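Colleague: I should be grateful for a close look at one part of this model, with its surroundings explained step by step for a first-year student.

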Amino acid sequence: MAKVAVVTGSGNGLGKGIAHRLGKDGFNVVLNDINQEAVNATLEEFKNEGLKAIAVKGDVSKREDQFNLVKQAVKEFGQLDVFVNNAGIDVVSPFMEIDADQLNKAFSVNVHGVVFGTQAAANQFIEQGTKGKVINACSIAGHESFEMLGTYSATKHAVKSFTHVAAKELASNNIRVNAYCPGVAGTAMWDRIDEEMVKYYDDLQPGDKYKEFVDGISLGRSQEPEDVANLVSFLASDDADYITGQTIVTDGGIVFR
Ligand SMILES: NC(=O)C1=CN([C@@H]2O[C@H](COP(=O)(O)OP(=O)(O)OC[C@H]3O[C@@H](n4cnc5c(N)ncnc54)[C@H](O)[C@@H]3O)[C@@H](O)[C@H]2O)C=CC1
Ligand SMILES: CC(=O)C(C)=O
């Protein structure tokens with residue numbers, strides 16, 4: 001029987017790339033996004049390519065939506081093997097302007113989302129009595145805190161911490177919990193980050209902050225969704241069975257850990 005993978009926030013960007021790769025790897029894929037239009041369009045593309053997939057709309061910050069996502073996956077495909085907590089949002093703000101609304105929004109999607117997704121997946125793995133894999137979206141910002149990305153960086157440090165603790169607590173249930181830490185990928189997220197950041201500089205034009213970050217990449221190019229998907233594909237595979245609690249950087253050489 002084909003294995004089953006859920007990828008949250010897979011209507012666009014890195015999540016779409018990851019879901020596509022897992023589909024090509026032979027997984028039945030459960031797409032998820034808060035954006036119904038995006039996830040439906042992605043489902044259509046995948047189906048046209050012959051990939052086996054369904055789409056479930058949901059908000060990762062809502063615990064009930066995460067449990068429903070797992071329920072729908074099992075209802076359609078009979079089991080769950082891999083759960084990728086990919087969905088995340090950005091926040092750009094100088095430290096002195098961080099407010100409660102920014103903190104609440106970012107933590108509720110990036111951190112609550114990962115905790116609730118992990119709980120929903122682990123609950124299912126334990127019920128099945130099978131091994132399972134949870135793979136979280138961290139970031140280089142989970143290893144290093146970037147100016148103007150203070151709240152976002154704090155959420156990704158929290159993802160790293162929850163990856164560690166979930167890996168420790170769930171290992172006895174045969175569940176591995178790891179994270180991928182991308183660098184700078186030109187998705188809609190970076191369009192927004194650039195747009196917000198350049199507003200704070202009189203001498204910068206749209207695109208300049210993105211270029212500055214890309215110029216700092218040792219391997220000399222921005223990240224593609226496929227680069228991230230390569231790592232997630234490995235973490236989802238049996239070859240990664242002896243790895244747990246790791247937050248692995250894939251950034252072309254920005255932070256060195
Ligand atoms: N783009 C980059 O350079 C990097 C991205 N990351 C992380 O990778 C993950 C994916 O990032 P991107 O694809 O660039 O972002 P993106 O903004 O391009 O796409 C994110 C997707 O998640 C969905 N989403 C947002 N909130 C949601 C919610 N509450 N529930 C369900 N879906 C939701 C969006 O509708 C969108 O389709 C995020 O966790 C991000 O923090 C980490 C490092 C670098
Ligand atoms: C979006 C993101 O995580 C960075 C650091 O580029």
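The request and the reply that follow concern one strand and the parts of the chain around it.

Colleague: Please examine strand β4 (residues 82-85). Which way do the side chains of Val82, Phe83, Val84 and Asn85 point? To which strands do bridges join β4?

Modeller: The model is predicted, and the description below should be read with that in mind. Strand β4 covers residues 82-85. Val82 and Val84 point one way from the strand, while Phe83 and Asn85 point the other way. These four residues are all buried.

Consider next the partners of this strand. Strand β1 (residues 4-7) is joined to β4 by 3 bridges, and the two run parallel. Within this pairing, Val6 of β1 has Phe83 as its bridge partner in β4. Strand β5 (residues 132-137) is also joined to β4, here by 4 bridges, and this pair too runs parallel. In this second pairing, Val82 stands opposite Lys133 of β5. To pass from β4 to β5, the chain goes through helix α4 (residues 100-128), and the resulting β-α-β crossover is right-handed.

Strand β1 deserves its own description. Val4 and Val6 lie on one side of β1, with Ala5 and Val7 on the other, and all of them are buried. Both faces of β1 are therefore covered, since a residue counts as buried if 20 or more other C-beta atoms lie within 10 Å of its own. Besides its pairing with β4, β1 is joined by 4 bridges to strand β2 (residues 28-33), and these strands run parallel. Val7 has Leu31 as its bridge partner in β2. A right-handed β-α-β unit is formed by β1, α1 and β2.

Helix α1 leads to the first of the ligands. Both α1 (13-24) and α6 (188-198) supply at least two residues each to the shell around ligand 1. There are 28 residues around this ligand, and Gly9, Gly13, Gly88, Thr187 and Met189 come nearest. By residue type, the shell divides into 14 nonpolar, 12 polar and 2 charged.

Met189 also belongs to the surroundings of ligand 2, together with Asp90, Ser139, Ile140, Ala141, Phe146 and Val184. The shell of ligand 2 consists of 5 nonpolar residues, 1 polar and 1 charged.

Two of the residues around ligand 2, Asp90 and Ala141, are also touched by Tyr152, as are Val91 and Ala106. Tyr152 is found in helix α5 (residues 150-170). An unreviewed UniProt entry places the feature "active site" at Tyr152. Why does Tyr152 count as buried? It does so because 25 other C-beta atoms lie within 10 Å, and the cut-off is 20 or more.

A last example comes from helix α3 (residues 63-77), where Gln66 is found. Gln66 counts as buried because it has 29 C-beta neighbours inside 10 Å. Among residues further than four places away in sequence, Gln66 touches Val60, Phe116, Gly117 and Ala120. Gln66 and Gly113 are 47 residues apart along the chain, yet their C-alpha atoms are separated by 8.0 Å.

Technical notes:
Residues are numbered from 1 along each chain as its sequence is written. Chains are lettered from A and ligands numbered from 1 in the order in which they are written. This is a predicted model: local features need pLDDT of at least 70, side-chain atom pairs count only at pLDDT 80 or more; totals for chains, interfaces and linings use all residues. A residue is buried if 20 or more other C-beta atoms lie within 10 Å of its own, exposed if 12 or fewer, and partly exposed in between; C-beta atoms are placed from the backbone. Two strands pair if DSSP finds at least two bridges between them. A crossover is right-handed if, with the strands pointing away from the viewer, the path from the first strand over the helix to the second runs clockwise. A residue is near a molecule or strand if its C-beta atom, placed from the backbone, lies within 6 Å of it. Ala, Val, Leu, Ile, Met, Phe, Trp, Tyr, Cys and Pro count as nonpolar, Asp, Glu, Lys and Arg as charged, and the others, Gly among them, as polar. UniProt positions are given in the numbering used here, feature names are shortened, and annotations may be inferred rather than shown by experiment. Two residues are in contact if their C-beta atoms, placed from the backbone, lie within 7 Å.
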